[in-house]
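Me: I am new to this structure and would like a close, careful look at a single part of it, namely the pockets. Please take me through what lines them, step by step.

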Amino acid sequence: MSGSGELTVATYRVLTRLPLERAVSAIAGEQSTGTFVSVRGETDELRARHSAVVLSITRTPPGSEPLPGAIGDGPLTAALVRIGFPLANTGPSLTNLLPVVAGNLYELRELAGLKLVDLELPAAFGKAYLPAGFAVEGTRRLVGRPEGVLIGTIVKPNVGLRPADYVDLVRELGLAGADFIKDDEVNADCPPAPLPERIRAVTAALDEVERRTGRRPMYAFNISDEPDRMLRNHDLVVAAGGTCVMVNLNVVGFPAVAMLRRHARVPIHGHVTGIGALARHPGLGIGHVAYQKLARLAGVDQLHCGGFHSKFYVTDDEVAATVAAVREPLLGGFPCLPVLSSAQWAGTAPVALDRTGTTDLLVLAGGGVLGHPGGPAAGITSMRQAWAASVAGVPLDEVDEPELRAALEHFGGVIQK
């Protein structure tokens, strides 16, 4: 969606003990031309060009506890507020935009709660940034699976393995038909498997899988690092024949991801580690819908959206809304492959399909694959059986397949939608 004229429109959930108009005015002023006193140079002409504009205030139930340090002695009131920030203040720049829409406004004492829940960006942003180079179709092409859900897993244990351990596990998973394997977010270029050694070990296993099966699974190497090293890490992966890199978005930052996108020759897998600090509290931070727009603008090809019946805090409704948002065009494009993870296994296939309505998904199951009683290969097979049954409309407990039956017995039976 485009912004109103040359405005970036930010939608916030606001909580305050002051009159709403006063609290909202504090946001608009602090984040554009104003400060706590009048200053020389703040002319009427300057304000006309650069002041933020309050576009709408829609009252809602308060719904959350107030943040500490808020002023006012009135009752808590809440609203969804749309504020337009002139493009002339930021240009089409993530580096300039983020301090405006998600900067010092969180510290305003006029506010007892503030969450950025959506963004409408002017078309200029779409011209300034490169969309994902691979996204859904490119990922499918590289893994050789033109249709159906993409099944993957995470190397576990997430730390402590030696390079030789990766060879054995990646070979087994690849031969079992895994589409995708990835490093854990806590394991980048660190001992006891430094990234260069891990790249050599994993690509050797992938080479063997490709020779034996004709298909090469995609492995996402965690290249998260300082920007110059991140580019170097990307080049190591590509030189060795790797087909995917992974970055911890909240660690390296969106502008650094955009830099990587301009350099990248393979898909970028966007991990959202730390997202809870931004999104978990209803009265503080950045919501998933706004967040995914920033990540896609930076150029990620694949983006974590949470998982159904997750072990983490997100609800199924939130995950479904995030997946739907990722699948909507942004500025006329910027496609991205939604990724489901966190406590996913064969039994979550029916609810995932029901709530998303698509198989254009990458589903990652760590324990759901590696913890299968029959081993990782049986775990991958159970996932494929569950998704095939779900697409066909067959209840999982009616499927006579040993790998799926074992998964249902081991992980807790059929999940109710």
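Reply: In this predicted model, the largest pocket has a lining of 36 residues, and those that lie nearest its centre are H271, K311, F312, S341 and S342. The volume of this largest pocket comes to about 670 Å³. Several elements of secondary structure contribute to its lining, for at least two residues each are supplied by α12 (275-279), α13 (288-298), β11 (302-304) and α16 (367-370). Of these, α13 gives the most to the lining of the largest pocket, namely three residues. Sorted by chemical character, the lining of the largest pocket holds 17 polar residues and 14 nonpolar ones, while five are charged.

The second largest pocket can be read in the same manner, and it encloses about 280 Å³ of space. It is lined by 13 residues, and the closest to its centre are R13, K115, G287, H288 and E318. Two or more residues of this lining come from each of β4 (113-120), α13 and α14 (316-327), and it is α14 that provides the largest share, with three residues. As for character, the lining of the second largest pocket divides into six nonpolar, four charged and three polar residues.

Read together, the two descriptions share one element: α13 supplies residues to the lining of the largest pocket, and α13 also gives two or more residues to the lining of the second largest pocket.

Conventions. Residues are numbered from 1 along each chain as its sequence is written. This is a predicted model: local features need pLDDT of at least 70, side-chain atom pairs count only at pLDDT 80 or more; totals for chains, interfaces and linings use all residues. Side-chain values use heavy atoms; hydrogens and water are left out. On a 1 Å grid over the protein atoms alone, a cavity is a set of points where a 1.4 Å probe fits but cannot get out, and a pocket is an open set with protein on both sides within 12 Å along at least five of seven lines; lining residues have an atom within 4 Å of a point. Grid points are joined across faces, edges and corners, and a volume is the space filled by probe spheres set on the points. Helices (H or I, at least four residues) and strands (E, at least two) are DSSP runs, numbered from the N terminus. Ala, Val, Leu, Ile, Met, Phe, Trp, Tyr, Cys and Pro count as nonpolar, Asp, Glu, Lys and Arg as charged, and the others, Gly among them, as polar.
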